[in-house]
Amino acid sequence: MTNYRVIESLQVEERLYHFLEEVLKEVNIDAKKFWYDFSCLVRDLTPENNAVLREREQLQAAINEWHTENPTFNNAQYKMFLENIGYLEHEPKDVTITTKNVDSEVVLAGPQLVVPVNNARYAINAANARWGSLYDALYGTDVISEADGAEKGRGYNPVRGKKVVDYGRDVLDQFFPLVQGSHHHVTGYIIKNDMLKFVLEDGNTTSLSDATLFQGYKGEQSNPKVILFKHNGLHIEIVRDEKDPIGSRDKAHVKDIYLEAALTTIMDCEDSVAAVDVEDKLAVYHNWLGLMKSDLTASFEKNGQIVERRLQADREYIGLEGNPFTLKGRSLMFVRNVGHLMKTEAILNKEGSPIYEGILDTVVTSLIALHSINGKAKYANSQTGSIYIVKPKMHGSKEVAFSNRLFNRVEDLLGLPRHTIKIGVMDEERRTSLNLKACIEQVKDRIVFINTGFLDRTGDEIHSSMVAGPVQRKNDMKHTAWIKAYEASNVSTALSSGFQQTAQIGKGMWAAPDRMKAMVEEKVAHPQAGATTAWVPSPTAATLHALHYHQVDVTDVQKQLLTEETSSYRDDLLQIPFLTGEVLSEEAVQQELNNNIQGILGYVVRWINQGIGCSKVPDIHNIGLMEDRATLRISSQHIANWLHHGICTKEQVYKTFERMATVVDQQNQIGVSYEPMANKKESSIAFQTACRLVFEGEKQPNGYTEPILHEGRKAKKAEDSYLLNKG
Ligand SMILES: CC(=O)SCCNC(=O)CCNC(=O)[C@H](O)C(C)(C)COP(=O)(O)OP(=O)(O)OC[C@H]1O[C@@H](n2cnc3c(N)ncnc32)[C@H](O)[C@@H]1OP(=O)(O)O
Ligand SMILES: O=CC(=O)O
Ligand SMILES: [Mg+2]
């Protein structure tokens, strides 16, 4: 039974009410006024939210109808039709963003980490991923091969250790070259007259080719414990300790190299989180509160020891002329709210209906962030008094304008100066990519990023053209014209809108958390394309990806791009990724189904049964892939599209679900509290939910998975609680 408290025209779930009352007290906001203004905000903005969703439906229905009536596809007519219905908006000519009070982390180029905020252990780890150990990142991943006796094994393997140390010295040689010799031959460090000297094996001393890269140190000048460098705006520490097991074996007593890594972190309330009711939402808000107050802790057992994790302090150094200074120990935190679609029973409106979850998120996450900007928290998140909200899944400029109005109202509600709340606009829906400049214009005074590379974008591509024809295989889609145009257009639109030195241009997630060697080889493409940041799935990935921002000076790349002729990408963006020119073999179709359905089941079973919103799911070849709601959207929409066009049959898809349930059960056997699906398909809510996502996929709003997932998870929670009560 959910208990509500009536307050103004709202009914607020009791637990949420008490939670918010406490926060209001802590941040000195008058509760009476807050509830009154909040109820007015809900009253005024609900119809607007309804309207943007209605428009999504109307446009999709019109597009479906057009494709049905125009089976022979004609690009020019299609474009004209999209213009006529307002799907393609008029592109504004000159848009220049004017965002003020932006933290330096937003302007610098470096990795962006994403983390499900409801997992305190991971969330604190993510905030602390501002700094990462290069040695750990190398030792623990496939960047260092296990060949020639360098296996990871159980204990420390000195052969592997040597490879790590050599790699580290190569990194130093690459970014901090010496006038003479190499970091491989350094045996000691001395600081004299603000200059760093390197003692070499042959007894000679040398210095940095560019002396300005040396920033400071810790310890004695004759025997520093930490040496701090800065290159392309990012810091690197050489950390020394002659008593440490690694340091004692090293000729210069270097025990590690620390990289400034995740400059920014997105604390996610959206696609990596399963939050379906008040209880779940409170867990999300509780952690965000702890991060903003700086008092979030997590205790857990690791390697047989109880660890208590908390936010890291700032790092202290002695700088030039002996002046002490500090560097931030934590990432600048953004919070990703949910989009405009879903509603939540946490609060009911005047009519007794659930309010929009996106509205609740903006109000609550901003309210909580006051802790960090009112100077009371131990560590202020923003040095410039800003709050950073990432807004996902917006379709076109009207929806961005709606977010802007929502942010205005929340600023008024909390007594904040206009544009305190910054917005990161995810370019992950087709109408946003096509109308990007118009979208930016709507939030030009508060925008802090646009970004691409998103999985949702592919899901939306498939859903938008569901009726047009069968789409290519999932992997082939990565090489299509629209994706290339999507990437290029995003960077070019951002630069022409003045993002350089003001806002981030971001790229998408590296979704293979265990394939770090491949990431190190490939993800350099993001800064090379002019992006100032790109998403990584883990602190380890952040540390390794940081190397790319030393390899590439993004400021230079952007300067170069700005001299180049720009073109319109609209026509390419409108190229639908049809499966043309080939008839897929039965085997290829089945392979595609196996792959997609295995991923769907592997992800959904954890979402439904355990409430885990982001999982490393072994694919059909047992390679762990990061799956979240966006990857689920692609897989489910892909099969829905093939079903629509008769590439596969419903029976074949169901049979594949049955077979893959056994595979997924086997892959999960070792998991604790895993409930198998294969032996009870009819009664397994997880199995049935996975099937529904595909068989009802075509009817889902924009192909989103959350309505069905939420239904399934709520049913599972009810089932668990019934069984528990029954004893
Ligand atoms: C399409 C989109 O919307 S993308 C955005 C959503 N995606 C994400 O947010 C991805 C976030 N990443 C994750 O959730 C995880 O990395 C997963 C699920 C992919 C893999 O998780 P696991 O299998 O537990 O990772 P693995 O076992 O390799 O590593 C666990 C360790 O790494 C840490 N870790 C892993 N990912 C993260 C992260 N994103 N942030 C902080 N720490 C992390 C854990 O804290 C843990 O370390 P600990 O034991 O010291 O606490
Ligand atoms: O939000 C991220 C995505 O890939 O979609
Ligand atoms: Mg997304």
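# A predicted chain with two ligands

Of the chain's 727 residues, 49% count as buried. A residue is buried if 20 or more other C-beta atoms lie within 10 Å of its own, exposed if 12 or fewer, and partly exposed in between, with C-beta atoms placed from the backbone. This is a predicted model, in which local features need pLDDT of at least 70 and side-chain atom pairs count only at pLDDT 80 or more, while totals for chains, interfaces and linings use all residues. Residues are numbered from 1 along each chain as its sequence is written, and chains are lettered from A and ligands numbered from 1 in the order in which they are written.

## Overall build

The chain holds 24 helices and 26 strands. These are DSSP runs, numbered from the N terminus: helices are H or I with at least four residues, strands are E with at least two. Along its principal axes the C-alpha trace spans about 80 × 65 × 65 Å. The radius of gyration is 26 Å, which agrees with the value near 27 Å for a compact globule of 727 residues. That radius is taken over C-alpha atoms, and the globule rule is 2.2 Å times the number of residues to the power 0.38.

Among contacts with a separation of 6 or more, 73% join residues 24 or more positions apart. Two residues are in contact if their C-beta atoms, placed from the backbone, lie within 7 Å.

The domain assignment gives domain 1 (47-105 + 269-311 + 334-467), domain 2 (131-260) and domain 3 (586-726). Such bounds come from an automatic or database domain assignment. The centres of domain 1 and domain 2, taken over C-alpha atoms, are 41 Å apart.

An unreviewed UniProt entry lists residues 156-231 as "domain: Malate synthase G alpha-beta insertion". UniProt positions are given in the numbering used here, feature names are shortened, and annotations may be inferred rather than shown by experiment. The span is 24% helix and 42% strand, and its end C-alpha atoms lie 31 Å apart.

## The two ligand shells

Ligand 1 is surrounded by 24 residues, the closest being Val 114, Asn 125, Ala 126, Ser 272 and Ala 630. A residue is near a molecule if its C-beta atom, placed from the backbone, lies within 6 Å of it. Strand S3 (112-116), helix H5 (120-127) and strand S25 (615-618) each supply at least two residues of this shell. Domain 1 and domain 3 each give at least three.

Ligand 2 has around it Asp 271, Pro 392, Met 426, Glu 428, Phe 454, Leu 455, Asp 456, Gly 508, Met 509 and Ala 630.

The table splits both shells by class. Ala, Val, Leu, Ile, Met, Phe, Trp, Tyr, Cys and Pro count as nonpolar, Asp, Glu, Lys and Arg as charged, and the others, Gly among them, as polar.

| Shell | Nonpolar | Polar | Charged |
|---|---|---|---|
| Ligand 1 | 14 residues | 4 residues | 6 residues |
| Ligand 2 | 6 residues | 1 residue | 3 residues |

## Annotated residues

The "binding site" annotation, from an unreviewed UniProt entry, covers Arg 336, Glu 428, Gly 453, Phe 454, Leu 455 and Asp 456. Phe 454 sits in the loop between strand S22 (447-451) and helix H13 (455-464). Phe 454 counts as buried because 24 C-beta neighbours lie inside 10 Å. Beyond four places in sequence, Phe 454 touches Met 426, Glu 428, Gly 508 and Ala 630.

Asp 456 lies in helix H13. Asp 456 is buried too, with 25 other C-beta atoms within 10 Å. Its contacts beyond four places in sequence are Lys 393, Glu 428, Glu 429, Ala 630 and Arg 633.

UniProt (unreviewed entry) lists Cys 614 under "modified residue: Cysteine sulfenic acid (-SOH)". Cys 614 is placed in the loop between helix H20 (586-610) and S25. There, 24 other C-beta atoms lie within 10 Å of Cys 614, so the residue is buried. Cys 614 touches Pro 116, Ser 272, Met 626 and Asp 628, leaving out residues up to four places away in sequence.

## Two further positions

Val 278 lies in helix H8 (residues 278-293). Val 278 counts as partly exposed, with 19 C-beta neighbours inside 10 Å. The C-alpha atoms of Val 278 and Glu 14 are 9.6 Å apart, although 264 residues separate them along the chain.

Met 677 belongs to the loop between helix H22 (650-668) and helix H23 (685-695). Met 677 is buried, with 27 other C-beta atoms within 10 Å.
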